[in-house]
Every structure is written in C-alpha cells, then in structure tokens.
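Biologist: I should like to learn how to read the features of a protein model. May we go through one together, step by step?

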Amino acid sequence: MPDLSAARSPPRFEAGPTLAPLPPASRYILRGGPAVRAAAEQAAGVGIPAEACRAVTREGRAALWLGPDEWLLIAPAAQGASLAGQLATALAGLPHSLVDVGHRQSGCELRGPLAATLLSAGCPLDLDERAFPVGMCTRTVLAKAEVVLWRTATETFRIEVARSFVAYVSEFLAEAGRTTPDQGLGSRPQLETFS
Amino acid sequence: VLLRDDGFVYDDGVVARLAPDRFHVTTTTGGAARVLAMMEDYLQTEWSELAVWLTSTTEQWAVIAVQGPRARQVLAGLVDIDLSAASLPHMGVAAGHICGVPMRLFRVSFTGELGFEVNVPADFGAAVWEAVWAAGQAHSITAYGTESMHVLRAEKGYIIVGQDTDGTVTADDAGLSWAIGRNKTDFVGKRSVQRPAMQSADRRQLVGLLTADPERVLEEGSQVLAQAYATLPVRPLGHVTSSYYSAALGRSIAMALVAGGRGRMGQTLYVPLETGGVAPVQVASPVFYDPKGARLNA
C-alpha cells in the first residue's frame with residue numbers, strides 16, 4: 001500500500017512572475033455562542049474576536065470573525081490536528097461546531113501600493129484604509145467569486161476563496177493588473193499564495 | 001429525501017450520522033447550495049432556538065465512487081477499515097484511512113452494485129484516485145462517467161431529482177414512501193402531504209415501462225397514452241422521465257410518471273413516437289435489476 005499522507009496536490013494561484021506558493025494551511029470553521037468563544041480562546045492559542053469583521057493573529061495562527069457565531073481559524077498545516085484536538089477538549093460539553101475546511105479553500109496574498117485599487121476591480125466595498133483598516137476582514141465578493149478578504153497590512157490583503165475558484169480569482173486579478181493604470185505609485189502588486 | 005413546505009420533492013441525498021450531534025449531509029450534485037440555503041433559512045426563521053450550525057464542505061472532500069462486485073477486494077488492501085458486510089453493511093459509514101490519508105468511507109450505491117464512496121480531503125483526491133486505479137487493475141477496474149451512471153441507477157429505479165421529478169412530485173409519487181418517517185410529529189411538508197389531493201390514487205406515480213420491442217429506446221419526455229390511437233385533443237396519462245438501453249438486461253428500459261401508475265402493473269399503454277405511430281409498452285416495477293438487492297447487500 002503506498003503511503004500518500006504527504007501526497008497533497010493543492011490548487012495553485014497563477015498570478016504572475018512574483019508568485020510564491022507557501023505550504024498548505026489548516027483551517028477550521030468554529031461555530032457557537034459567547035461561551036464557546038471564551039472557552040476556545042486558550043485552546044486556539046489566539047484571541048477569538050468578538051468584534052465584528054476583525055481578525056486576531058498570534059504566532060502564525062489567526063482567528064477571523066465571519067459572523068456573530070462564526071470564526072475562521074487558520075494555523076500552519078502541521079498544527080491542524082493538535083489545534084483541533086485541543087479545541088475539541090476545551091469545548092467538550094458546550095454546543096458548538098468545529099469543521100475542518102483546510103482543503104475547502106485556498107488563500108493568496110496581494111501586496112503593493114495598488115493592492116486595494118486592484119481589488120476594487122471586482123469588490124464593491126470601500127477599501128480605503130479609513131473604511132477598511134488593517135485587521136479588518138469580511139466575507140465579500142471578488143467579481144463572481146465569494147471570498148473572505150482580510151487586510152493584514154496597509155498594502156497587503158489576504159484572500160481566502162473556495163478551491164474551485166482559485167484559477168478564476170488568479171486570472172481575474174492578473175487581468176485587473178494588466179488593465180489597472182499604474183498611477184505612478186510604483187511597482188505592481190505582487191501575489192503570494194497559501195494553498 | 002428533502003421536501004419543500006408544499007410537500008413536493010426538493011432534493012435527495014445521503015445523511016450520515018458521524019456522532020450523536022454531528023451529521024455529514026450529501027445532496028444531488030447541483031443541489032448543495034440551495035439545500036444549505038433552505039436549511040439555513042429554517043434554522044434562522046422557524047427553529048432559531050436550536051443550537052445547530054451548518055458548514056458547507058462541498059469543496060473540502062474529493063469523493064471516489066468504487067462500485068461493483070469486486071469493490072471490496074479493490075479497497076481492502078488500501079484501507080484500515082473492516083469492509084465485511086457484517087462490519088460495514090449497506091448504508092454504513094466509517095472513519096479511517098486510505099493509504100495513510102484520512103477518510104470517511106460511505107457504503108452507499110447509486111449503481112445497484114456493492115459500492116463504497118471514498119471521501120478524502122480534496123488535495124489528496126488525485127493521489128488516492130491513482131492508488132485505487134492501480135489496485136483495481138487486477139480486478140479489471142474501469143472508470144465510468146455520468147451517462148453510465150444514469151443507466152446503472154435507472155436499472156435500479158433510483159430517481160434523479162429534476163429528471164424523474166419536476167417540482168410536482170411527492171415522495172410517494174416517486175416511490176419513496178419508505179424514506180418518510182411516519183412517526184415523526186412533524187417535518188417540512190408533512191401538512192401538505194396529508195392533504196387528500198396529495199394522497200389521491202390518481203396521482204402520477206413513478207413506474208417502469210418495458211417496450212414490446214426490446215430494441216426500441218423511447219424518447220425521454222414522450223407522452224404516455226391509454227389508447228394507441230385517439231382523437232385529438234387527448235389527455236395523456238403521464239410522460240417518460242428516463243429512458244436507456246440497458247446492456248445488463250439486454251433490452252431497453254424506461255421510467256415514467258403515470259396517473260395511478262402503481263395500479264396499472266402489467267397494463268399495456270402507448271407512447272407516441274417522433275417518427276409517427278406508437279410504441280406499445282407494458283407497465284412494470286421501476287426496479288428492473290436485482291429487485292431483491294442481493295448485489296447491493298453483498
């Protein structure tokens with residue numbers, strides 16, 4: 001019997017010469033009430049935001065508020081099993097839902113002074129930093145794809161999208177880059193990927 | 001089977017209980033989004049007191065259907081699960097590994113044969129497919145596509161929602177009464193299906209049709225008539241929903257929705273042909289192949 005435990009073939013963003021694939025991440029959707037949020041924080045190793053549309057990060061882990069009772073937890077791939085185990089232990093007896101979505105979606109990072117301009121080609125939100133500050137995240141659309149958009153730095157956004165939309169989002173952003181005027185702001189945005 | 005509040009079939013699929021408070025729900029291929037939306041709608045409006053949460057996992061899992069009398073032998077050397085009929089009977093589910101990859105294994109069949117559906121996290125789909133393919137070479141494995149699947153399921157009278165149903169078909173019309181929990185105090189659509197008109201013996205019911213000429217494959221969508229020749233306008237008894245040539249049976253088979261169909265077993269009805277004339281057909285059970293399920297439960 002072959003051992004295929006390392007034989008992952010994740011979808012790849014193909015957005016340009018600066019593309020730099022990163023190792024796969026583990027992801028979970030956590031659902032539950034305030035008691036679940038409180039009980040999960042220590043086990044998750046990262047604060048779990050109560051504030052709407054905010055993300056919290058700590059030592060490679062992230063918790064993104066997606067709804068009043070819904071968070072997306074992201075951790076390095078190798079930590080997925082232990083994270084899930086610790087959460088299951090911490091949440092035993094509390095009504096909740098913890099679902100592995102590590103392969104459901106894929107992530108990429110868009111960087112550069114034109115990043116918000118580029119996203120605006122397909123996202124109707126106001127991405128001015130006053131309206132969409134660093135640390136803000138939300139479910140939204142990028143053209144015809146549902147995405148989770150997270151501003152991780154002034155000129156950096158992380159996009160999480162369902163795996164079957166990876167090629168679509170890649171090509172949409174590449175096309176937006178080709179058709180977005182440079183505006184004299186320097187280099188074109190770069191796309192980095194998390195599978 | 002999932003009903004709308006009007007009592008008509010909305011979707012079907014397999015519900016696997018993974019834990020007392022955890023279910024893995026599958027739907028028709030294109031139905032997942034609308035089923036999820038319907039469940040979320042009921043959760044937010046009718047049953048907001050329930051501590052229940054829905055998460056879409058359509059893209060999380062790659063699923064490989066391994067179907068056929070040798071399916072067990074193909075998988076046995078790859079998985080760490082006991083595949084015997086006693087341990088994993090038809091409609092059983094188990095968690096384990098295939099080639100070291102985490103797996104949810106469903107013993108389910110849309111072909112009528114002994115079958116398994118191997119669910120692995122999607123990034124592993126290609127590698128696991130290749131491993132199953134390689135293990136299957138000793139058992140004459142073949143890849144089958146949607147058209148083959150359609151014939152295999154029709155031989156067993158398994159419906160396709162949207163093909164054999166059209167939004168006016170109740171579970172009973174489709175022959176799915178066995179899937180209705182009659183002792184449940186309530187379910188979506190229960191009040192509607194209890195109305196007299198929804199229980200009329202004259203409703204269009206799913207039946208099988210066997211053409212007098214076994215080589216003739218009826219056109220799907222053809223009308224079904226009580227008489228070979230009638231003066232127009234004529235009210236049809238129903239229509240053909242699925243029609244194929246079955247290699248396993250060596251003849252054509254069809255399914256149809258026919259008024260009072262289950263009370264017409266053995267009757268001869270008539271299907272007008274595109275080329276003119278009519279084809280006489282005999283009303284039969286829609287389960288054409290292995291009606292006792294011996295192959296399914298092997």
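**Reading chain B and its open sheet**

Modeller: Let us begin with overall extent, bearing in mind that this is a predicted model. Chain B has 298 residues, for which a compact globule would have a radius of gyration near 19 Å; the value for chain B is 21 Å, which agrees. Along the principal axes, its C-alpha atoms fill a box of roughly 65 × 55 × 30 Å.

Biologist: What percentage of the residues of chain B count as buried?

Modeller: A residue is called buried when its relative accessible area is under 20%. In chain B, 44% of the 298 residues count as buried. The accessible surface of the chain comes to about 14900 Å², and carbon and sulfur atoms account for 54% of that surface.

Biologist: How many helices and strands does chain B have?

Modeller: Chain B has five helices and 14 strands. Strands of a sheet pair through backbone hydrogen bonds, in either a parallel or an antiparallel manner. Here, six strands of chain B form an open sheet in the order 10-11-12-9-14-13, with antiparallel pairing. Strand 10 (223-224) and strand 13 (268-272) are the edge strands, as each pairs on one side only.

Biologist: How many bridges join strand 11 to strand 12 in chain B?

Modeller: Eight bridges join strand 11 (residues 238-246) of chain B to strand 12 (residues 251-259), and the two run antiparallel. One may follow this pairing at Tyr244(B), which stands opposite Ile253(B) in strand 12.

Biologist: Is Val224(B) buried or exposed?

Modeller: Val224(B) lies in strand 10 of chain B. Its relative accessible area is 0%, so Val224(B) is buried. Leaving aside neighbours within four places in sequence, Val224(B) is in contact with several residues, including Leu209(B), Pro236(B), Val240(B), Val258(B) and Tyr270(B).

Biologist: How far apart in space are Val224(B) and Leu257(B)?

Modeller: From C-alpha to C-alpha, Val224(B) and Leu257(B) are 8.7 Å apart, while 33 residues separate them in sequence. For the chain as a whole, consider the contacts between residues at least 6 apart in sequence: 61% of these join residues at least 24 apart.

Biologist: Which element of chain A holds Glu171(A), and is that residue buried or exposed?

Modeller: Glu171(A) is found in helix 4 (residues 166-179) of chain A. Its relative accessibility is 55%, and therefore Glu171(A) counts as exposed. Glu171(A) and Thr154(A) are 17 residues apart in sequence and 24 Å apart in space, C-alpha to C-alpha.

Key:
Residues numbered from 1 in each chain as written. Chains lettered and ligands numbered in written order. Predicted model: local features only at pLDDT ≥ 70, side-chain atom pairs only at ≥ 80, totals over all residues. Heavy atoms only, no water. Helix = DSSP H or I, 4+ residues; strand = E, 2+ residues; numbered from the N terminus. Rg over C-alpha atoms; globule rule 2.2 N^0.38 Å. Buried < 20%, exposed > 50% of the residue type's maximum accessible area, 1.4 Å probe, protein only. Contact = heavy atoms within 4.5 Å. Areas by Shrake-Rupley, 256 points an atom, 1.4 Å probe, with all protein chains shown as cover. Pairing = 2+ DSSP bridges.
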